[in-house]
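Colleague: I am new to this structure and would like a close look at a single part of it. Please choose one helix and tell me how it is packed and what it helps to line.

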Amino acid sequence: MKELFDLSGKVALVTGGTHGIGMACGKALAKAGAKLCVNDIDDAKLESCKAEYAKEGIEVYTINFNVCSEDGVDKGISTIEAEVGPIDILVNNAGIIKRVPILDMPIADFELVLNVDLVAPLILAKRVAPGMIKRRHGKIINMCSMMSVYGRQNVSAYAAAKGGLKLLTANMCCEWAKYGLQINGIGPGYIATEQTAPIRVGGHPFNDLVMTRTPANRWGEPEDVGNASLFLASKAADFVNGQVLYVDGGILANFGYVKGENDI
Ligand SMILES: NC(=O)c1ccc[n+]([C@@H]2O[C@H](COP(=O)([O-])OP(=O)(O)OC[C@H]3O[C@@H](n4cnc5c(N)ncnc54)[C@H](O)[C@@H]3O)[C@@H](O)[C@H]2O)c1
Ligand SMILES: O=C(O)C(=O)C[C@H](O)[C@H](O)CO
């Protein structure tokens, strides 16, 4: 049974894997035996993450490229292939959010969010999938969101991107599953990271909403998502394809409840 989750000999790339959810995914995959590569656009994060990974005995290969740049991605992946090996597991994790009302959001900002959160996963997948197809195996994991299925005020660009990413995941499955690739998404709930810090820390009222919408009654931890990435990257998920695995503490199962109602 243990061999089902053994990633020995596999090369994994986690975009934006220098902290937060990406690092949790990277740690889970590396601890299962994968050779871990992480990218980011921020050199300081790439440098600092090495010590964090090393605390858990993980030697990480780091590389800086902008996931929105076709040329940057092509050069970055070519470097990884030359210095580490062909990529077996791609986690499209890098992402941004802008919390601005539709009427106040510049189109350029909307386009930037779409480029990072939707177009970039396509750029990465288009660059990596041909090799996976040739080798007749590969795992692609696209980091979706609650906003792959819900709207919420002020996050229109993010929801449009993450909603699109859910269906792009399905379409990658439709075209590539026949070649032995498994392409799935993970839909984290509300997770305690830098991205949600502005609506989580300092007694922000959004905490009340998260508590009443999350049956598990807590913010998720990055490791909750990392564990799901290990499952989808493993042999155990070889017949799981085109799906989004929601790691949300029950949010999608719950309309909401009155705080304190039926508490025991
Ligand atoms: N935190 C949550 O509650 C939550 C929930 C659902 C989905 N997600 C998604 O999970 C992923 C990671 O979330 P997080 O909370 O860890 O985010 P984060 O903002 O803490 O980390 C994202 C990382 O991506 C990197 N990045 C941004 N743009 C890049 C680019 N153009 N090229 C390369 N790297 C780039 C950033 O430098 C950063 O290190 C994102 O896709 C996010 O949308 C987060
Ligand atoms: O709703 C927000 O403002 C968010 O930050 C969304 C979260 O990052 C996350 O994607 C929810 O799944």
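Modeller: Here is a close look at one helix, beginning with its partners and ending with a pocket.

The model is predicted, so to speak of local features a pLDDT of at least 70 is needed and side-chain atom pairs count only at pLDDT 80 or more, while totals for chains, interfaces and linings use all residues. Residues are numbered from 1 along each chain as its sequence is written, chains are lettered from A and ligands numbered from 1 in written order, and side-chain values use heavy atoms, without hydrogens or water.

Let us take α1, residues 20-31 (helices are DSSP runs of H or I with at least four residues, strands E runs with at least two, numbered from the N terminus). One partner is α7, residues 222-233: the two axes come within 7 Å and cross at roughly 45° (axes are lines fitted to C-alpha atoms over the stretch in contact, with angles from 0 to 180 degrees between N-to-C directions). That makes α1 oblique to α7 (neither under 35, over 145 nor 65 to 115 degrees). α1 passes α7 in a right-handed crossing (the near helix is turned clockwise from the far one by less than a right angle). On the α1 side, G20, I21, A24, C25, A28 and L29 make the contact (heavy atoms within 4.5 Å). They meet P222, E223, V225, G226, S229, L230 and A233 of α7. By class, this contact of α1 with α7 has nine nonpolar, three polar and one charged residues (Ala, Val, Leu, Ile, Met, Phe, Trp, Tyr, Cys and Pro are nonpolar, Asp, Glu, Lys and Arg charged, the others, Gly among them, polar).

α1 also packs with α2, residues 43-54, at an angle of about 45° and with the axes 11 Å apart. These two helices are therefore oblique as well, and their crossing is right-handed. Here G22, M23, G26 and K27 of α1 touch C49, E52 and Y53 of α2. The classes in this contact are three nonpolar, two polar and two charged.

Now for the pocket. The largest pocket holds about 850 Å³ of space (an open set of 1 Å grid points where a 1.4 Å probe fits, with protein on both sides within 12 Å along at least five of seven lines; lining residues have an atom within 4 Å of a point). Its lining has 40 residues, and closest to the centre are N93, A94, G95, I96 and Q195. α1 gives the largest share of the lining, three residues, while β2, α4 and α5 each supply at least two. Across the lining, 20 residues are nonpolar, 13 polar and seven charged.

Definitions and conventions
Points joined across faces, edges and corners; volume = space filled by probe spheres on them.
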